[in-house]
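Please read this briefing alongside the sequence and the structure. It is arranged by topic, from the interior to the surface.

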Amino acid sequence: MSTNLRGIKIINNSNVTFESSANTINFNFQNMIVDASSIFALSGNAAITVNFSYASVEGTIDAGDIHQFNGEIDFEENAVLKTANSGGFGSSISGDISFADLSTFTINYYGNSVQNTGLLNAATDSIGTIITDNPYTVNLDRNIKVKNLVLNDGIFNLNGYTLTLNGNCLFASGVLAGNSTSSLNIIGVGSGDEMNIEFDPAYAVLGHLTIDRPNDEIVTVNSILTISNGLTINGGKLRINNMLTMPSTATITTATSINYIITGDYGVLRSEERR
């Protein structure tokens, strides 16, 4: 079934949901506006496709788990995309996508099975915020840079890629995971003097960790962690509150004498022989 609509405005704290039951539905919108206070969501058991000739999104659009937005879509400042789709961004939205300011854009993953981020190639331009409400795993599927990472639930798996964090990382019930080819770069300026990092104990591995913060900022690793290739501290300090293991072939590089490793009450830096 296909329905044509034009001149739709979702404004003034409105929450509009299109829901399907058993039949696939296509909606064709000539023009649409979702203001900053409003939400436009897709839901239901059969796939819904919304085709925009043009859409301006200041608020939130929610693609659900099997639905998709297509066409010319302008994400204005502070816009939000929510997705439960296994393919993440790339499976939830397609077409001529533009951002007024990518550094204010938020994407929220809330699926009930493993999701890939599916993000645009954002290794250079920083995404504003990534939020995970998925109780399972959200996998990186390319190198990205993000200002704020909010891990409310589940595992955020670097999956062999590079995550560059140039703001804050907030942990509720979520954790990070990696492997020997994953890299974590913590750069820029945080919101306070200290930022805490938590890894899933079963996947607490990085190939490389780089810290480049103001010299008075501390990055604290509270979980066990193995760094297989190298640790670089170009700015700031690293505090270890658990066991940090590095093989004897790994390198530790610090920029100056005020960039160094601090061991907390239970912190241990352990060298491991490679065989």
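The points below cover the nonpolar core, aromatic rings, one strand residue, a surface patch and two backbone angles.

The model is predicted. Its largest nonpolar core has 62 residues, and a search of the whole structure finds twelve aromatic pairs.

**Nonpolar core**
- In soluble globular proteins, nonpolar side chains tend to be buried together.
- Within the 62-residue core, the residues with the most contacts are Phe40, Phe69, Phe156 and Leu238.
- Strand S7 supplies five residues, the largest share of this core.
- Beyond its neighbours within four places in sequence, Phe69 touches ten residues by contact, namely Phe40, Leu42, Val50, Phe52, Ile61, Asp62, Ala63, Ser92, Ile93 and Ser94.

**Aromatic rings**
- One aromatic cluster consists of Phe18, Phe27, Phe29, Phe40, Phe52 and Phe69.
- Two members of that cluster, Phe40 and Phe52, are among the contacts of Phe69.
- A pair of aromatic rings is described by the distance of the centres and the angle of the planes.
- Phe99 and Phe105 form an edge-to-face pair, because their planes stand at 70 degrees, with ring centres 4.9 Å apart.
- Phe105 counts as buried at 3% relative accessibility, whereas Phe99 counts as partly exposed at 21%.

**Thr49 in strand S7**
- Thr49 belongs to strand S7, which spans residues 48–57.
- With 18% relative accessibility, Thr49 counts as buried, because the cut-off for buried is under 20%.
- Leaving aside neighbours within four places in sequence, Thr49 is in contact with Ile25, Asn26, Phe27, Gln68 and Asn70.
- Among these contacts, Phe27 is also a member of the aromatic cluster.

**Surface patch**
- Ile224, Met243 and Val268 make a nonpolar surface patch of about 210 Å².
- Ile224 sits in the loop that runs between strand S23 (218–221) and strand S24 (225–235).
- The relative accessibility of Ile224 is 37%, so this residue counts as partly exposed.

**Positive phi angles**
- Most residues other than glycine have a negative phi.
- Asn12 has a positive phi of about 60 degrees although it is not a glycine.
- For Asn13, phi is likewise positive, near 60 degrees.
- Asn12 is located in the loop between strand S2 (8–10) and strand S3 (15–20), and Asn13 is also placed in the loop between S2 and S3.
- Both side by side in the listing are exposed: Asn12 has a relative accessible area of 59%, and Asn13 has one of 63%.

Key:
Residues are numbered from 1 along each chain as its sequence is written. This is a predicted model: local features need pLDDT of at least 70, side-chain atom pairs count only at pLDDT 80 or more; totals for chains, interfaces and linings use all residues. Side-chain values use heavy atoms; hydrogens and water are left out. Patches are made of residues with over 30% relative accessible area and no salt bridge: like charges are joined within 9 Å, nonpolar side chains (Val, Leu, Ile, Met, Phe, Trp, Tyr) within 5 Å. Accessible areas come from the Shrake-Rupley method with a 1.4 Å probe; for residues, only the protein chains shown count as cover. A salt bridge is a side-chain nitrogen of Lys or Arg within 4 Å of a carboxyl oxygen of Asp or Glu. Helices (H or I, at least four residues) and strands (E, at least two) are DSSP runs, numbered from the N terminus. Buried means under 20% relative accessible area, exposed over 50%, partly exposed in between (1.4 Å probe, protein chains only). Contact means heavy atoms within 4.5 Å. A nonpolar core is a set of buried Ala, Val, Leu, Ile, Met, Phe, Trp, Tyr and Cys residues joined through side-chain atoms within 4.5 Å. Rings of Phe, Tyr and Trp (its six-membered ring) pair if their centres lie within 6.5 Å; planes under 30 degrees apart count as stacked, over 60 as edge-to-face and the rest as tilted.
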